[in-house]
Amino acid sequence: MTVTSTEKLFVKGNEAVAMAAIEAGCRCYFGYPITPQSDIPEYLSRELPKSGGEFLQAESEIGAINMLLGASATGVRAMTSSSGPGISLKQEGISYMAGSELPGVIIDIMRSGPGLGGIDASQADYWQATRGGGHGGYRIIVLAPASVQEMYDLTMLAFDLSDIYRMPAMVLSDSVVGQMKESIVANPRAKLALPEKNWVVRGRAEGEEQKIVKSLHLGDGEMEAFHWQMDARYHELADKECRWEEVETADAELIVTAFGSTSRIAKTAIVMAREAGMKVGLIRPISLFPFPKKAYAQLSERCKLFLDIELSTGQMIDDVRLSVARDAEVAFYGRPPGAGSLPTPEELFEQIRKNYRATA
Amino acid sequence: MRYDVFIAGYGGQGVLLAGNLLSYAAIHEGKNVSFFPAYGVEKRGGAAMCTVVFADGETGSPVVGNPSVSVLLNQLSFDKYASKVKRGGVCIVNSTLIDIGGLTIPEVEIVQVPMNQIALDMGDVRMVNMVACGAYIEKTGAMQLSSLEAALKKALPERNHKLIPANVNAMNAGAKAAKG
């Protein structure tokens with residue numbers, strides 16, 4: 001489907017990811033089915049070949065991530081997607097990609113765990129995503145959409161950021177945003193200025209210098225230097241690429257913080273709180289790595305009470321606590337993932353009321 | 001203005017198609033829409049439900065704890081969800097399959113429409129979801145019936161477009177029955 005139009009389309013979050021991948025120029029998709037993300041390979045198996053791309057169902061998640069590594073090393077835009085146990089299997093390959101400075105987009109539609117867990121919405125893979133996930137001490141770009149439109153927009157962005165910073169980028173979502181349908185405008189924004197991929201390996205023309213893509217650094221001081229170089233890149237990301245949304249924070253006595261699907265539920269709870277006369281706002285990180293620390297620090301200079309809400313027993317709260325002023329309090333409300341654990345706006349409103357105190 | 005409607009029944013009653021239709025109709029009227037489905041792993045006969053939220057501005061939460069309108073198509077969903085309807089709200093029930101057993105919910109209007117019977121009288125019980133959509137529009141005025149007709153063209157595959165007139169008739173019959 002050609003999606004370059006201003007017409008409103010009514011699509012699933014997962015389909016929006018797949019549409020955006022094609023629009024972003026993804027040439028290769030490698031994956032293995034798992035609920036609740038299988039709409040992505042389903043769509044791409046049908047549509048990607050039409051635009052000249054290659055769809056391949058791998059023999060396993062491990063196969064798929066290593067195919068992503070190989071495709072990326074030749075310079076093409078490539079993507080994989082999975083959920084829960086499948087993302088765990090991919091961690092070795094993601095570590096190798098980070099070590100080889102290879103771009104590539106990984107879509108994680110979170111489901112509950114540990115182990116096989118279940119197919120319900122979860123946010124309990126926040127740590128796994130934002131702390132690197134595999135071995136060796138690395139980070140990847142992590143973006144967290146809260147709407148079907150953002151599933152589209154952030155997938156596009158993930159491809160660009162991944163190319164610019166030469167590291168894997170993950171879109172971290174869950175089965176609520178993946179399975180729900182919303183109206184979107186497939187609106188390809190102006191592409192970011194992308195660096196030339198002068199490092200790709202696809203055959204050596206006469207007289208060209210040899211190019212090597214590898215994650216093995218054995219020379220004296222070589223590995224250490226690589227780590228500091230990557231660290232500098234993470235700091236550059238933190239300076240330039242933090243993204244977040246604030247709602248009614250200017251006069252807030254309590255600021256709710258949540259990402260992805262939970263932030264959507266919280267938004268309605270905040271409307272209810274405002275109607276009940278409470279000054280409540282929201283900060284929603286859109287980039288989870290880099291985490292928008294400065295935005296939290298600034299808000300906490302004035303507002304001293306935060307309420308962190310997650311579909312877990314508390315993971316993002318670590319980053320929130322590291323970001324806010326020392327005298328700010330961070331309360332927590334969590335619903336660990338599983339059947340029947342998705343909170344309602346009414347429930348979150350009760351939590352706001354319980355924690356709220358006006359300073360005036 | 002923000003509208004929300006919760007639709008529940010068993011798989012095969014067209015719960016998800018009804019939700020999709022209301023979504024397309026709301027988009028047709030320029031609204032922003034969130035459609036959030038939930039259903040069992042069964043191909044047929046399992047629980048099926050969906051929530052549709054539409055608004056001029058942001059739709060906010062796709063999840064609704066206390067819907068302002070619920071459309072309940074079988075006994076199981078009535079027993080489970082009728083009491084969750086928000087005060088001041090409307091609960092539209094398929095009285096062919098649901099015995100409300102004298103239940104009253106404070107400040108909630110219960111509207112009984114024999115949806116299966118009406119659909120059967122129109123020629124096909126599978127139109128029960130169309131009857132439900134008609135009843136919903138009649139009781140809420142949330143959208144125009146003509147928008148729903150336009151939605152049918154979007155939601156149904158081309159090969160089924162010949163069935164649109166029959167479906168529109170079923171919607172009208174549902175609206176008429178809900179008027180009482």
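The legends below walk through several close-up views of a predicted model.

**View 1. The seven-stranded sheet of chain A.** This view takes in an open sheet of seven strands in chain A, where the order is β3-β2-β4-β5-β7-β6-β12 and the pairing is mixed. At its edges sit β3 (54–57) and β12 (287–289) of chain A, each of which pairs on one side only. From one strand to the next, the twist averages 20 degrees. If you are new to sheets, it helps to know that their strands pair through backbone hydrogen bonds, either parallel or antiparallel.

**View 2. Strands β6 and β7 of chain A, side by side.** Here we step in on two strands of chain A, β6 (residues 141–143) and β7 (residues 168–174), which run parallel and are joined by three bridges. Which residue of β7(A) is the bridge partner of L143(A)? Look for V171(A), which takes that role.

**View 3. A helix lying across the strands of chain A.** Helix α4 (residues 85–99) of chain A lies across three strands of that chain: β4 (78–82), β5 (104–110) and β7. Follow the helix alongside β5(A), and you will find that α4(A) runs at about 155 degrees to this strand.

**View 4. E206 of chain A in its loop.** The loop shown here connects β8 (181–185) with α8 (222–240) of chain A, and E206(A) is found in it. Is E206(A) buried or exposed? It has 4 C-beta neighbours inside 10 Å, and a residue with 12 or fewer is classed as exposed, so E206(A) counts as exposed. For a sense of scale, pick out T344(A) too: 138 residues separate E206(A) and T344(A) along the chain, and their C-alpha atoms are 64 Å apart.

**View 5. Where chain A touches chain B.** At this meeting place, 18 residues of chain A are in contact with 17 residues of chain B. On the side of chain A, the elements giving two or more residues are β1 (8–12), α7 (175–179), β8, α9 (260–275) and α12 (345–355). The largest share comes from α9(A), with five residues. By character, the residues on the side of chain A that touches chain B divide into seven nonpolar, four polar and seven charged.

**View 6. Strands that join the two chains.** A strand from each chain takes part in this view: β8(A) and β2 (residues 32–39) of chain B run antiparallel, with two bridges joining them. To find your way, start at K181(A), which stands opposite F35(B) in β2(B).

**View 7. Helices α1 and α5 of chain B.** Two packed helices are described by the angle between their axes and the distance between the axes. In chain B, the axes of α1 (residues 15–28) and α5 (residues 145–155) come within 8 Å and cross at roughly 115 degrees. Their crossing is right-handed. Among the residues that meet are L17(B), L21(B) and Y24(B) from α1(B), with L148(B), A151(B) and L152(B) from α5(B). The residues of this contact divide into nine nonpolar, three polar and one charged.

**View 8. Helices α3 and α6 of chain B.** The last view shows α3 (residues 115–122) and α6 (residues 164–179) of chain B, whose axes come within 10 Å and cross at roughly 140 degrees. The two helices, α3(B) and α6(B), are therefore oblique to each other. This crossing of α3(B) and α6(B) is right-handed. From α3(B), M115(B), I118(B), A119(B) and M122(B) meet residues of α6(B) including A170(B), A173(B) and G174(B). The contact has eight nonpolar residues, two polar and no charged.

Notes. Residues are numbered from 1 along each chain as its sequence is written. Chains are lettered from A and ligands numbered from 1 in the order in which they are written. This is a predicted model: local features need pLDDT of at least 70, side-chain atom pairs count only at pLDDT 80 or more; totals for chains, interfaces and linings use all residues. Axes are lines fitted to C-alpha atoms, for helices over the stretch in contact, and angles run from 0 to 180 degrees between N-to-C directions. Helices (H or I, at least four residues) and strands (E, at least two) are DSSP runs, numbered from the N terminus. A crossing is left-handed if the near helix is turned anticlockwise from the far one by less than a right angle, and right-handed if clockwise. Two residues are in contact if their C-beta atoms, placed from the backbone, lie within 7 Å. Ala, Val, Leu, Ile, Met, Phe, Trp, Tyr, Cys and Pro count as nonpolar, Asp, Glu, Lys and Arg as charged, and the others, Gly among them, as polar. Angles under 35 degrees count as roughly parallel, over 145 as roughly antiparallel, 65 to 115 as roughly perpendicular and the rest as oblique. Two strands pair if DSSP finds at least two bridges between them. A residue is buried if 20 or more other C-beta atoms lie within 10 Å of its own, exposed if 12 or fewer, and partly exposed in between; C-beta atoms are placed from the backbone.
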